[in-house]
Amino acid sequence: MPELPEVETSRRGIEPYIQQQQIVEIVVRQPKLRWPVPELIQCCVGLPILSVSRRAKYLLLETQAGHIIIHLGMSGSLRIVQQGEPAAKHDHVDIVLANAKVLRLNDPRRFGCMLFSQLPLEQHPLLANLGPEPLSDAFSCEYLQAQAGKRSIAIKQFIMDNKVVVGVGNIYANEALFRTGIHPKRAANKVSQIRLVQLTAHIKQVLIEAIKQGGTSLKDFTNAEGKPGYFKQTLAVYGREGEACNNCGEQIKALRIGQRNTFYCPHCQR
DNA sequence: CGAGGGACCTGGTTGC
DNA sequence: TGCAACCAGGTCCCTC
């Protein structure tokens, strides 16, 4: 479910309920996520959550003892529920807070994780080698041009590479390339300089629009209150194989790039 | 170093 | 209706 807009939607949704709240209890029903939930996470109990931030698709809960690092994988979601609410299937972890609210992690496929790190975050192995945030000034057209020149992989895989830029998943990679008129299979180092400038802007634009609409709810993504996002209505190519291109009316095509489903308009994207 | 593919999981949909 | 095959918003890790 989650690409960057969905993770940011979750962050904004949970922050008002958990920031500055003391952690009363951490209940781990299923520790077997992508990596085991560490026992050490229990050392946060009794401490307040000082901040709720995001790096790439990782959510970071800061405490005096270290950071809780949460990734939602493909199917994870976070909800705020009242203490005492019975757990449903795949509700793997509860962080119970002093205000009687519970931050509850649900993840059917268990590709997500909940970790704890006492290291400075920039030294954590999962965070140390990430590229710039797409919505930061560090993700500039000059930067993207410099990176693209070195790579021969398909432009779609290139912008989905977390070492290049974080937070661009399958949906928004497809959408940004459509907006820029670039064929997703074109080699990164064969995209013109002008189009890389446009692509930089379109990646930012599509992510900002999706955040404004609360993310894309495909199957079951919901925010902290259990409500869906509305960006699905805005998707121009993702999931629209066989339908008419909004721009030229030609049929949207699908192909596979790096084992991922890829959608594009053969007329508008070259 | 870069590129490619398997791996980790459950559940919904599709097709015989 | 039943069951197997395939597919899904991610990304680490191994091999070549």
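**Briefing: sheet, helix 1 and the surface near DNA strand B**

Strand 3 and strand 4 (residues 66-71) run antiparallel and are joined by six bridges. The model is a predicted one. The points below cover the sheet around these strands, helix 1, the surface near DNA strand B, and single residues in loops and in helix 6.

**The four-stranded sheet**

- Four strands form an open sheet in the order 2-3-4-8, and their pairing is antiparallel.
- Strand 2 and strand 8 (113-117) are the edge strands, each pairing on one side only.
- From one strand to the next, the twist averages 25 degrees.
- Between strand 3 and strand 4, leucine 60 has isoleucine 69 of strand 4 as its bridge partner.
- Strand 2 (residues 51-55) pairs with strand 3 (residues 58-63) over five bridges, in the antiparallel sense.
- Within that pairing, valine 52 is bridged to leucine 61 in strand 3.
- In a regular strand, side chains alternate between the two faces of the sheet.

**The hairpin turn**

- Strand 2 and strand 3 make a hairpin, with two residues between them.
- Alanine 56 sits in the loop that links strand 2 and strand 3.
- The phi of alanine 56 is near 55 degrees, a positive value in a residue other than glycine.
- Most residues other than glycine have a negative phi.
- Is alanine 56 buried or exposed? Alanine 56 counts as buried, because it has 20 C-beta neighbours inside 10 Å.

**Helix 1**

- Helix 1 (residues 4-18) lies across strand 2 and strand 3. Its direction is at about 170 degrees to strand 2.
- The helix has 15 residues. From first C-alpha to last it reaches 20 Å, close to the 21 Å expected at 1.5 Å a residue.
- Which residues of helix 1 are buried? They are Leu4, Pro5, Glu6, Val7, Glu8, Thr9, Ser10, Ile14 and Ile18.
- An α-helix has 3.6 residues a turn, so residues three or four places apart point the same way.
- The cover over the buried residues of helix 1 includes strand 2 and strand 3. It also includes strand 5 (77-82), strand 6 (91-97), strand 7 (101-106) and helix 6 (193-212).
- Glutamine 20 follows helix 1 and has a positive phi, near 70 degrees.

**The surface near DNA strand B**

- Which residues lie around DNA strand B? They are Lys32, Lys89, Pro108, Arg109, Arg110, Phe111, Lys150, Arg151, Ser152 and Ile153.
- By class, the residues of this surface divide into six charged, three nonpolar and one polar.

**The loop between strand 6 and strand 7**

- Alanine 100 lies in the loop between strand 6 and strand 7.
- Its phi is positive, about 70 degrees, although alanine 100 is not a glycine.
- Alanine 100 is exposed, because 11 other C-beta atoms lie within 10 Å.

**Isoleucine 194**

- Isoleucine 194 is placed in helix 6.
- Why does isoleucine 194 count as exposed? It is exposed because 10 other C-beta atoms lie within 10 Å.
- Isoleucine 194 and cysteine 141 are 53 residues apart along the chain. Their C-alpha atoms are separated by 9.2 Å.

Methods
Residues are numbered from 1 along each chain as its sequence is written. Chains are lettered from A and ligands numbered from 1 in the order in which they are written. This is a predicted model: local features need pLDDT of at least 70, side-chain atom pairs count only at pLDDT 80 or more; totals for chains, interfaces and linings use all residues. Two strands pair if DSSP finds at least two bridges between them. Axes are lines fitted to C-alpha atoms, for helices over the stretch in contact, and angles run from 0 to 180 degrees between N-to-C directions. Two residues are in contact if their C-beta atoms, placed from the backbone, lie within 7 Å. The expected span of a helix is 1.5 Å times one less than its number of residues. A residue is buried if 20 or more other C-beta atoms lie within 10 Å of its own, exposed if 12 or fewer, and partly exposed in between; C-beta atoms are placed from the backbone. A residue is near a molecule or strand if its C-beta atom, placed from the backbone, lies within 6 Å of it. Ala, Val, Leu, Ile, Met, Phe, Trp, Tyr, Cys and Pro count as nonpolar, Asp, Glu, Lys and Arg as charged, and the others, Gly among them, as polar.
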